[in-house]
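Biologist: Please guide me through the features of a structure, giving the general idea first and then the case at hand.

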Amino acid sequence: MSIKSDKWIRRMSLEHGMITPFEQGQVTSDENNKRISYGTSSYGYDVRCADEFKIFTNINSSIVDPKNFDPESFVDIKSDVCIIPPNSFCLARTVEYIKIPRNVLTICLGKSTYARCGIIVNVTPLEPEWEGHVTLEFSNTTPLPAKIYANEGVAQFLFFESDEECEVSYKDKKGKYQGQKGVTLPRMK
């Protein structure tokens, strides 16, 4: 198994639509715009957060139950920024729609800019032949409100190509999050 380079990421995105929309290089700050970078890096791709957020709230005194999830546990926000309350979390999604090849497993890590502010980005691995907008989980581990910026970099995807094709892909098993669009809450099959 090997990690894939910027050349491979560009080729797979431009020729096979692996990442849409796709930025061939790193988009960084300039004298007119401060921004958290996104786009292709040496051995990964920095994805952006869309402007759709679901902020966890306890106004209904719900219990968080992944088998019986109450959508009333979240407040929907559409904005260029999201303020996460102290010791809380929100869900968002990537701007990019991702299509993972059959012989690739993708791991996501949060960007250091957010990590250094106590904001943890969590994404489960993207399995072979999974596709969709990636649901992002942001945890604010601080006792202060924390800000997330839409349309800027939030996490880096690393692509690992196997030397052997898997027997059963996510698409083959008709995974419950296949083809998801928008911010997707927990589902039970």
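**Reading the backbone and the contacts**

Modeller: Let us begin with one residue: N151 lies in the loop between β13 and β14. Helices (DSSP H or I, at least four residues) and strands (DSSP E, at least two) are runs numbered from the N terminus. The model is predicted, so local features require pLDDT of at least 70 and side-chain atom pairs pLDDT 80 or more, whereas totals for chains, interfaces and linings use all residues. Residues are numbered from 1 along each chain as its sequence is written, and side-chain values use heavy atoms, with hydrogens and water left out.

Biologist: What is the sign of phi at N151?

Modeller: Most residues other than glycine have a negative phi, and most peptide bonds are trans. In N151, which is not a glycine, phi is positive, at about 60 degrees. K174, in the segment after β14, also has a positive phi, near 50 degrees, and is likewise a residue other than glycine. As for the peptide bonds, the one from T20 to P21 is cis, with omega near -10 degrees. P21 is placed in the loop between β2 and β3.

Biologist: Is K174 buried or exposed?

Modeller: The term depends on relative accessible area: under 20% is buried, over 50% is exposed, and values in between are partly exposed (1.4 Å probe, protein chains only). K174 is exposed, at 62%, while N151 is partly exposed, at 39%.

Biologist: Which secondary structure elements make up the chain, and how many of each are there?

Modeller: The chain has 2 helices and 14 strands. Its C-alpha atoms fill a box of roughly 50 × 50 × 25 Å along the principal axes. The radius of gyration is taken over C-alpha atoms, and the globule rule is 2.2 Å times the number of residues to the power 0.38. For 189 residues, a compact globule would have a value near 16 Å; the chain has 17 Å, which agrees. Of these residues, 44% count as buried.

Biologist: How much surface does the chain expose?

Modeller: The chain exposes about 10,200 Å², of which carbon and sulfur atoms supply 50%. Such areas come from the Shrake-Rupley method with a 1.4 Å probe; for residues, only the protein chains shown count as cover.

Biologist: What share of the contacts links residues 24 or more positions apart?

Modeller: A contact means heavy atoms within 4.5 Å. Among contacts in the chain with a separation of 6 or more, residues 24 or more positions apart account for 74%.

Biologist: Which residues does K111 touch?

Modeller: K111 is located in the loop between β10 (104-110) and α2 (112-115), and with a relative accessible area of 12% it is buried. Leaving aside residues up to four places away in sequence, K111 touches I36, S37, D46, G153, V154, A155 and Q156. One of these, V154, belongs to strand β14 (residues 153-161) and is buried at 0%. With the same exclusion of residues up to four places away, the contacts of V154 include V47, R48, C49, K111 and Y114. E152 lies in the loop between β13 (146-149) and β14 and is buried at 14%. Beyond four places in sequence, E152 touches K34, R35, I36, Y38, V47, R48 and C49.

Biologist: How many aromatic pairs does a search of the whole structure find?

Modeller: Rings of Phe, Tyr and Trp (its six-membered ring) pair if their centres lie within 6.5 Å; planes under 30 degrees apart count as stacked, over 60 as edge-to-face and the rest as tilted. The search finds 6 aromatic pairs. F22 and Y45 form a stacked pair, 5.5 Å centre to centre and with 20 degrees between the planes. This pair links distant parts of the chain, 23 residues apart: F22 is in the loop between β2 (19-20) and β3 (26-27), and Y45 is in strand β5 (residues 44-48). F22 counts as buried at 19%, and Y45 is buried at 0%. The rings of F56 and F89 are stacked as well, because their centres are 5.2 Å apart and their planes lie at 20 degrees. F56 is in strand β6 (residues 52-56) and F89 in strand β9 (residues 89-99), so the pair ties together parts that are 33 residues apart in sequence. F56 is partly exposed, at 21%, and F89 is partly exposed, at 23%.

Biologist: Which residues do ring pairs link into a cluster?

Modeller: The cluster comprises F56, F74 and F89.
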